[in-house]
Amino acid sequence: MSKIITDTMYTVRFTGDYFSMTTEVWATNENSAEALAAELLLQQYGWNVAEVSNDIEIEYEWSQ
(Lines give C-alpha, C1' and ligand atoms only; values in the text may rest on other atoms or scores of the structure.)
Protein backbone atom coordinates (compact mmCIF):
# COMPACT_ATOMS: atom_id res chain seq x y z
CA MET A 1 0.00 0.00 0.00
CA SER A 2 1.42 3.38 -0.93
CA LYS A 3 1.61 6.13 1.65
CA ILE A 4 0.12 9.27 0.09
CA ILE A 5 -0.89 12.24 2.21
CA THR A 6 -4.24 13.60 1.11
CA ASP A 7 -7.00 15.76 2.49
CA THR A 8 -9.98 14.29 0.62
CA MET A 9 -12.36 11.80 2.23
CA TYR A 10 -14.46 9.35 0.22
CA THR A 11 -17.18 6.92 1.25
CA VAL A 12 -16.91 3.61 -0.62
CA ARG A 13 -19.83 1.16 -0.63
CA PHE A 14 -19.40 -2.41 -1.87
CA THR A 15 -22.71 -4.20 -2.57
CA GLY A 16 -23.16 -7.88 -3.40
CA ASP A 17 -26.01 -10.37 -3.51
CA TYR A 18 -26.32 -10.64 0.28
CA PHE A 19 -24.19 -7.86 1.72
CA SER A 20 -23.41 -4.17 1.70
CA MET A 21 -20.19 -2.91 3.24
CA THR A 22 -19.37 0.77 3.60
CA THR A 23 -16.10 2.35 4.62
CA GLU A 24 -14.51 5.80 4.53
CA VAL A 25 -10.98 6.43 3.31
CA TRP A 26 -8.68 9.35 2.67
CA ALA A 27 -7.56 9.29 -0.97
CA THR A 28 -6.43 11.47 -3.87
CA ASN A 29 -9.25 10.48 -6.27
CA GLU A 30 -12.13 8.02 -6.73
CA ASN A 31 -9.98 5.31 -8.31
CA SER A 32 -7.46 5.34 -5.50
CA ALA A 33 -10.31 5.47 -2.93
CA GLU A 34 -11.83 2.27 -4.33
CA ALA A 35 -8.48 0.49 -4.48
CA LEU A 36 -7.47 1.59 -0.98
CA ALA A 37 -10.83 0.65 0.56
CA ALA A 38 -10.71 -2.82 -1.03
CA GLU A 39 -7.10 -3.31 0.11
CA LEU A 40 -7.82 -2.25 3.68
CA LEU A 41 -10.87 -4.53 3.95
CA LEU A 42 -8.83 -7.42 2.55
CA GLN A 43 -6.06 -6.80 5.09
CA GLN A 44 -8.43 -6.36 8.03
CA TYR A 45 -11.02 -9.07 7.31
CA GLY A 46 -9.40 -11.27 4.65
CA TRP A 47 -12.29 -10.78 2.25
CA ASN A 48 -11.87 -9.51 -1.31
CA VAL A 49 -15.06 -7.43 -1.43
CA ALA A 50 -14.22 -5.90 -4.81
CA GLU A 51 -14.21 -9.37 -6.39
CA VAL A 52 -17.64 -10.38 -5.03
CA SER A 53 -19.38 -7.01 -5.37
CA ASN A 54 -22.08 -6.40 -7.97
CA ASP A 55 -21.91 -2.65 -7.46
CA ILE A 56 -19.32 -0.26 -6.05
CA GLU A 57 -20.37 3.29 -5.22
CA ILE A 58 -17.90 6.04 -4.38
CA GLU A 59 -19.02 9.33 -2.90
CA TYR A 60 -16.89 12.39 -2.33
CA GLU A 61 -17.40 13.49 1.29
CA TRP A 62 -15.21 16.53 1.92
CA SER A 63 -11.77 18.11 1.80
CA GLN A 64 -9.88 20.09 4.40
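Tryptophan 62 counts as partly exposed, because its relative accessibility of 37% lies between the limits of 20% for buried and 50% for exposed. The model in which this residue is seen is a predicted one, and tryptophan 62 is found there in strand β3. From this residue the reader can be led to the sheet, then to the aromatic rings, and finally to the charged side chains.

The sheet is an open one, formed by three strands in the order β2-β1-β3 with antiparallel pairing. Strands β2 and β3 are its edge strands, each of them pairing on one side only, and from one strand to the next the twist averages 20°. Between β1 and β3, which run antiparallel, there are eight bridges. Across these two strands, threonine 11 stands opposite glutamate 59 in β3, and glutamate 59 will return below as a partner in a salt bridge.

How are two aromatic rings to be described? A pair of aromatic rings is described by the distance of the centres and the angle of the planes. A search of the whole structure finds three aromatic pairs, and two of them are followed here. In one of these, the ring centres of tyrosine 10 and tyrosine 60 are 6.0 Å apart and the planes stand at 75°, so the pair is edge-to-face, the cut-off for that description being an angle over 60 degrees. This pair links distant parts of the chain, since tyrosine 10 belongs to strand β1 (residues 8–15) and tyrosine 60 to strand β3 (residues 55–63), 50 residues apart. Is tyrosine 10 buried or exposed? Tyrosine 10 counts as buried because its relative accessibility is 7%, which is under the limit of 20%, whereas tyrosine 60, with a relative accessible area of 48%, is partly exposed.

The other pair brings the reader back to tryptophan 62, whose ring centre lies 5.3 Å from that of tryptophan 26; the planes of the two rings are at 85°, so this pair, too, is edge-to-face. It also links distant parts of the chain, with tryptophan 26 in strand β2 (residues 20–26) and tryptophan 62 in strand β3, 36 residues apart. Tryptophan 26 is partly exposed, its relative accessible area being 34%, and tryptophan 62 is likewise partly exposed at 37%. Which residues make the nonpolar surface patch of about 330 Å²? The patch is made by Trp26, Tyr60 and Trp62.

The charged residues of strands β1 and β3 remain to be considered. Side chains of opposite charge can pair when their charged atoms come close. The structure holds two salt bridges. Arginine 13 forms one with glutamate 57, where the closest N and O atoms are 3.1 Å apart, and this pair links distant parts of the chain, arginine 13 being in strand β1 and glutamate 57 in strand β3, 44 residues apart. Arginine 13 is partly exposed, with a relative accessible area of 24%, and glutamate 57 is partly exposed with a value of 33%.

Arginine 13 also forms a salt bridge with glutamate 59, the closest N and O atoms here being 3.5 Å apart. Again distant parts of the chain are linked, from arginine 13 in strand β1 to glutamate 59 in strand β3, 46 residues apart. Glutamate 59 is partly exposed, having a relative accessible area of 34%. Arg13, Glu57 and Glu59 are thus linked in a network of salt bridges.

Terms used
Residues numbered from 1 in each chain as written. Predicted model: local features only at pLDDT ≥ 70, side-chain atom pairs only at ≥ 80, totals over all residues. Heavy atoms only, no water. Phe/Tyr/Trp six-rings, centres within 6.5 Å; stacked < 30°, edge-to-face > 60°. Helix = DSSP H or I, 4+ residues; strand = E, 2+ residues; numbered from the N terminus. Buried < 20%, exposed > 50% of the residue type's maximum accessible area, 1.4 Å probe, protein only. Patch = residues over 30% accessible without salt bridge, like charges linked within 9 Å, V, L, I, M, F, W, Y side chains within 5 Å. Areas by Shrake-Rupley, 256 points an atom, 1.4 Å probe, with all protein chains shown as cover. Salt bridge = Lys/Arg side-chain N within 4 Å of Asp/Glu carboxyl O. Pairing = 2+ DSSP bridges. Axes fitted to C-alpha atoms, helices over the stretch in contact; angles between N-to-C directions.
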